[in-house]
Amino acid sequence: MEGVAAGAQTGKAAVYRRWPSKEDLVADALQAGLPHLEEAPDLGDVRADLLALCRWVREAMFSRPGFALRAVIHECDPAEADRLHDVIVKGVVEPTVKLLRDVINRGIVRDEVRPDAANGYVFDAIPAMMMYRSKMCASEWSDRDLEEMIDQLMLPLVRPMRA
């Protein structure tokens, strides 16, 4: 906190008024550094939109703040990790689910996605897979990995069933 105060050319008390703990300061710094995507990709078809969205998620997960966030979580005690977990949820998962919802709903309008595919399980699939594979399998999600996930998991999950 002393280093932050010195770098900001202010007193330590001012830093502590803004961030009551080191964990709060780190969480805000990591949140501010994560890449942001304001609008869901609209490339004309659901597959292209899903791939573009997954590439953004990969960018966030493997950005410098994303790496730092994962490293810090592994070093924290459970209470500190819970605080930083909120950064992951608010900084990566919730924005991804919102954008995924937009992509799926747009696909429904274009008759590329069946209407009942707009549900929480579908919206959780990409963030869950990417986090699981990143953490448990040390996957860095190549473009081929993303394409396979979209083609083998997401598209069969959402596409209209043909008679």
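**Group meeting: a walk through an all-helix model**

Okay, let's start inside: helix 4, helix 6 and helix 7 each put at least two residues into the lining of the largest cavity. Before I go on, keep in mind that this is a predicted model.

So, what lines that cavity? The residues are V57, M61, V92, V93, T96, P127 and M131. Helix 6 is the biggest giver to that lining, with three residues. Sorted by class, you get six nonpolar residues, one polar and no charged ones. As for volume, the largest cavity comes to about 30 Å³. And how many cavities of 30 Å³ or more are there? The count is one.

Let me stop at one residue in that lining, T96. You'll find T96 in helix 6. Is T96 buried or exposed? T96 counts as buried, because its relative accessibility is 1%, and the cut-off for buried is under 20%. If we skip residues up to four places away in sequence, T96 touches L53, W56, V57 and P127. Two of those names may ring a bell: V57 and P127 are also on the cavity lining.

Now let's zoom out. The protein has eight helices and zero strands, so if you read along the sequence, the pattern is just α-α-α-α-α-α-α-α, by the way helices and strands are assigned. The C-alpha atoms fill a box of roughly 70 × 30 × 25 Å along the principal axes. There are 163 residues, and 40% of them count as buried. What about contacts with a separation of 6 or more? Of those, 66% are between residues 24 or more positions apart.

On to the cores. As a general point, nonpolar side chains in soluble globular proteins tend to be buried together. In this model, the largest nonpolar core has 40 residues, and the members touching the most other members are L50, I104, I126, M130 and I150. Which elements give two or more residues to this core? They are helix 3 (22-33), helix 4 (46-61), helix 6, helix 7 and helix 8 (143-158). Helix 6 gives the most here too, with eleven residues. Apart from this core there's another one, of five residues, including M1, A5, V15 and L25.

Take M130 as an example from the largest core. Leaving out neighbours within four places in sequence, M130 is in contact with C54, V57, R58, M61, W141, L146 and M149. Again, V57 and M61 are cavity-lining residues as well.

Last stop, R110. Where does R110 sit? It's in the loop between helix 6 (78-109) and helix 7 (120-136). R110 counts as partly exposed, because its relative accessibility is 28%. Its contacts, again without neighbours within four places in sequence, are D42, G44, D45, V46 and D49. With D42 there's a polar contact between the side chains, at 3.2 Å. And look at R110 and D45: they're 65 residues apart along the chain, yet their C-alpha atoms are separated by 8.2 Å.

To wrap up, then: a protein of eight helices, a 40-residue nonpolar core with helix 6 as its top contributor, and a cavity whose lining also takes the most from helix 6. That's it from me, thanks!

How values were computed. Residues are numbered from 1 along each chain as its sequence is written. This is a predicted model: local features need pLDDT of at least 70, side-chain atom pairs count only at pLDDT 80 or more; totals for chains, interfaces and linings use all residues. Side-chain values use heavy atoms; hydrogens and water are left out. Helices (H or I, at least four residues) and strands (E, at least two) are DSSP runs, numbered from the N terminus. Buried means under 20% relative accessible area, exposed over 50%, partly exposed in between (1.4 Å probe, protein chains only). Contact means heavy atoms within 4.5 Å. A polar contact is a pair of N or O atoms within 3.5 Å; within protein, one must be able to donate a hydrogen and the other to accept it, and residues adjacent in sequence count only if both atoms are side-chain atoms. A nonpolar core is a set of buried Ala, Val, Leu, Ile, Met, Phe, Trp, Tyr and Cys residues joined through side-chain atoms within 4.5 Å. On a 1 Å grid over the protein atoms alone, a cavity is a set of points where a 1.4 Å probe fits but cannot get out, and a pocket is an open set with protein on both sides within 12 Å along at least five of seven lines; lining residues have an atom within 4 Å of a point. Grid points are joined across faces, edges and corners, and a volume is the space filled by probe spheres set on the points. Ala, Val, Leu, Ile, Met, Phe, Trp, Tyr, Cys and Pro count as nonpolar, Asp, Glu, Lys and Arg as charged, and the others, Gly among them, as polar.
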